[in-house]
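Biologist: Before we start, I would like to learn how to read the features of a model such as this one. Could you take me through them in turn?

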Amino acid sequence: MIGGDLKVARRGLMFILSSPSGAGKTTLADRILTKDGEIVLSISVTTRKRRPGEAHGKDYFFVSEDEFIRMRDNGEFLEWANVFGHFYGTPTRLVQDTLSQGKDVLFDIDWQGAQQLDEAVGEDVVKVFILPPSREELERRLRKRAQDPEDVVQKRMMKADAEISHWAEYHYVIVNYDLDESEKLLRSILFAERLKRRRQVGLAAIVKEMIGED
Ligand code: 5GP
């Protein structure tokens, strides 16, 4: 809707969030999804083990490697990747259904998935990278998560470095100094992208009528 009585249909967009773990991406995604009824989470399929507190069908669809490969070979994924030893994939169905209703889809996927979606669908993709405020802060957050041995923490830091090295492939970058502020910034990006002229389907016809052209 652009105001007044005019209702303009919208073409849904694919809103991709990537970051190293520990940068606040999941919290930001949850906040957007809770407050915005026009965007739906793409729930990925994964072969990694379920962590405590995670639910099948809510956080991920947890499947065996055989099942994942069957789905992949059956062409059921829009993109898929091996992320540090586990398979992750985006099921095509939910994305297509959501976009066809004129709603947006939010993706919490890594740089490999972001690249593939960009190549496959191009202009409907908006890619946002979330950076931690500093290396020290990232390390502090990764340590706080669990009382892990030093080598595990260092492995996490190396994974973070690998993900961060792709920051320049994204349309937008938010340095997450403060969650409330970052949430505002993320919503601003989403709102502005929704207003892009080419995403407002039927606008030309409405304006034509508005200015009295035949
Ligand atoms: P985690 O196992 O910690 O939930 O996720 C590990 C990484 O895999 C994160 O960077 C997450 O964004 C990414 N990921 C989750 N689902 C998908 C997916 O469907 N495709 C791709 N390419 N990456 C994913």
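**Reading the model**

Modeller: Let us begin with one residue, Gly24, which is found in the loop between E2 and H1. Such labels are DSSP runs, numbered from the N terminus, with helices being H or I of at least four residues and strands being E of at least two. The model is a predicted one, in which local features need pLDDT of at least 70 and side-chain atom pairs count only at pLDDT 80 or more, while totals for chains, interfaces and linings use all residues. Residues are numbered from 1 along each chain as its sequence is written, and side-chain values use heavy atoms, with hydrogens and water left out.

Biologist: Which residues does Gly24 touch, not counting residues up to four places away in sequence?

Modeller: Contact means heavy atoms within 4.5 Å. By that rule Gly24 touches Arg141, Asn176 and Leu179, and its C-alpha atom is separated by 9.5 Å from that of Asp178, although the two residues are 154 residues apart along the chain.

Biologist: How should I read the sheet that has the order E3-E8-E2-E9-E10?

Modeller: Strands of a sheet pair through backbone hydrogen bonds, either parallel or antiparallel. Here two strands pair if DSSP finds at least two bridges between them. This sheet is open, holds five strands and has parallel pairing. Strand E3 (39–41) and strand E10 (172–175) each have a single partner strand, so one side of each is left without a neighbour in the sheet. Neighbouring strands are turned by 25 degrees against each other on average, direction ignored; axes are lines fitted to C-alpha atoms, for helices over the stretch in contact, and angles run from 0 to 180 degrees between N-to-C directions. Helix H1 (residues 25–35) packs on this sheet, touching E2, E3, E8 and E9, and its direction makes about 165 degrees with that of E8.

Biologist: Where are the bridges between E9 and E10?

Modeller: Four bridges join strand E9 (residues 125–131) to E10 in parallel, and Ile130 stands opposite Ile174 in E10.

Biologist: What is the strand order in the sheet with mixed pairing?

Modeller: That open sheet of four strands has the order E5-E4-E7-E6. Strands E5 (60–62) and E6 (77–83) stand at its edges, each with a single partner strand. Three bridges join strand E4 (residues 44–46) to E5 in parallel, with Thr46 opposite Phe62 in E5.

Biologist: Which residues come nearest to the ligand?

Modeller: A residue counts as near if one of its heavy atoms lies within 4 Å of the molecule. Of the 15 residues around the ligand, Ser44, Arg48, Tyr60, Glu79 and Tyr88 come nearest. A polar side-chain atom of Ser44 lies 2.7 Å from an oxygen atom of the ligand, and an N or O atom in the side chain of Lys25 is 3.0 Å from a ligand oxygen atom.

Biologist: How many salt bridges are there?

Modeller: A salt bridge is a side-chain nitrogen of Lys or Arg within 4 Å of a carboxyl oxygen of Asp or Glu, and by this rule the count comes to 26. Among them, the side chains of Glu183 and Arg31 meet at 2.8 Å, N to O. This pair links distant parts of the chain, with Glu183 in helix H7 (residues 179–194) and Arg31 in helix H1, 152 residues apart.

Terms used:
A polar contact is a pair of N or O atoms within 3.5 Å; within protein, one must be able to donate a hydrogen and the other to accept it, and residues adjacent in sequence count only if both atoms are side-chain atoms.
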